[in-house]
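Here's a quick tour of the fold you have on screen, from the overall layout down to a few side chains. Keep the viewer open and follow along.

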Amino acid sequence: MYTSDIQIRVRYAETDQMGYVYHGNYAAYFEVARTEAFRQLGIRYKDLEADGVGMPVGEIRTRFRRPARYDDLLTVRLMLRQPAEGSRVLFEYEIYNEALELLTEGHTLMVFVSTATGRPVPIPEAILNKLAPYFTDDEKAGPLTPASSKLPPDAPAPAAFAPKKNK
């Protein structure tokens, strides 16, 4: 399994009228985590695109457990629990606040495509080679699927989203 953590400070412009991070911004947080994780592995999106390969999102899922707020320092943990397969790679995410509370979980299923045709293409060999050392034989077995589609039993009550009271 490959993991990578990045930190993002919530900017005021990313919050909504309730003071929570607007839900649409989580897709951008996931993208920053993917880009930086690939950069840490020596893979640059810029180089992929120059080689005629794109990586559009084929699926995105986000589960909000608790809200993030303005000025929170978030840790976005990216996980590749399974090796990339065929033309797809599944990125899973967990977002924590400074108190290490799990705020958000999600995944994106990315598809490698030809920028000329828009059709799926095999994952470039260079990427497979950079990812291979992170996976055991057990992790290499089985189809590329999200870890679990069940909702966690400890999901917070709606009160977890109540505005913070001024102290």
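## The overall layout

The chain's secondary structure adds up to four helices and seven strands. Keep in mind that this is a predicted model. Walk along the sequence and you meet these elements in the pattern β-α-α-β-β-β-β-β-β-α-α.

Of the 167 residues in the chain, 41% are buried. Contacts reach far along the sequence, too: among those between residues at least 6 apart, 70% join residues at least 24 apart.

## The sheet and its helix

Five of the strands make an open sheet, in the order β1-β4-β5-β6-β3, and the pairing is antiparallel. At the edges sit β1 (2-9) and β3 (57-64), each with a partner on one side only. From one strand to the next, the twist averages 20 degrees.

For a look at one pairing, take β5 (residues 88-96) and β6 (residues 102-111): nine bridges join these antiparallel strands. Within that stretch, E92 stands opposite H107 in β6. Helix α1 (residues 25-40) packs on the sheet and touches β1, β3, β4 (73-80), β5 and β6. The direction of α1 makes about 130 degrees with that of β1.

## The nonpolar core

In soluble globular proteins, nonpolar side chains tend to be buried together. Here the largest nonpolar core has 34 residues, and M55 and F91 are the two that touch the most other members. At least two residues each come from β1, α1, α2 (45-50), β4, β5, β6 and α3 (125-131). Helix α1 gives the largest share, six residues.

What does F91 touch, once its neighbours within four places in sequence are left aside? The contacts are R34, F38, M55, L78, M79, L80, G106, H107, T108 and M110. One of these, F38, counts as buried because its relative accessibility is 1%, under the 20% cut-off.

## Aromatic pairs

There are seven aromatic pairs in the structure. Why is the pair of F30 and Y93 called stacked? The ring centres are 4.1 Å apart and the planes are at 5 degrees, and planes under 30 degrees apart count as stacked. Since F30 lies in helix α1 and Y93 in strand β5, this pair ties together parts that are 63 residues apart in sequence. Both partners are buried: F30 has a relative accessible area of 0%, and Y93 has 1%.

F38 turns up again here, paired with Y45. Their rings have centres 5.9 Å apart and planes at 25 degrees, so this pair is stacked as well. Elsewhere, Y26, Y29 and F64 form one aromatic cluster.

## A buried threonine

Now find T75, which lies in strand β4. Is T75 buried or exposed? With 15% relative accessibility, T75 counts as buried, because the cut-off is under 20%.

The side chain of T75 makes a polar contact of 3.4 Å with the side chain of Q7. Setting aside neighbours within four places in sequence, T75 is in contact with D5, I6 and Q7, and also with E94, I95 and Y96.

Note on methods. Residues numbered from 1 in each chain as written. Predicted model: local features only at pLDDT ≥ 70, side-chain atom pairs only at ≥ 80, totals over all residues. Heavy atoms only, no water. Pairing = 2+ DSSP bridges. Axes fitted to C-alpha atoms, helices over the stretch in contact; angles between N-to-C directions. Contact = heavy atoms within 4.5 Å. Core = buried A, V, L, I, M, F, W, Y, C linked by side-chain atoms within 4.5 Å. Buried < 20%, exposed > 50% of the residue type's maximum accessible area, 1.4 Å probe, protein only. Polar contact = N/O pair within 3.5 Å; in protein donor to acceptor, adjacent residues only side chain to side chain. Phe/Tyr/Trp six-rings, centres within 6.5 Å; stacked < 30°, edge-to-face > 60°.
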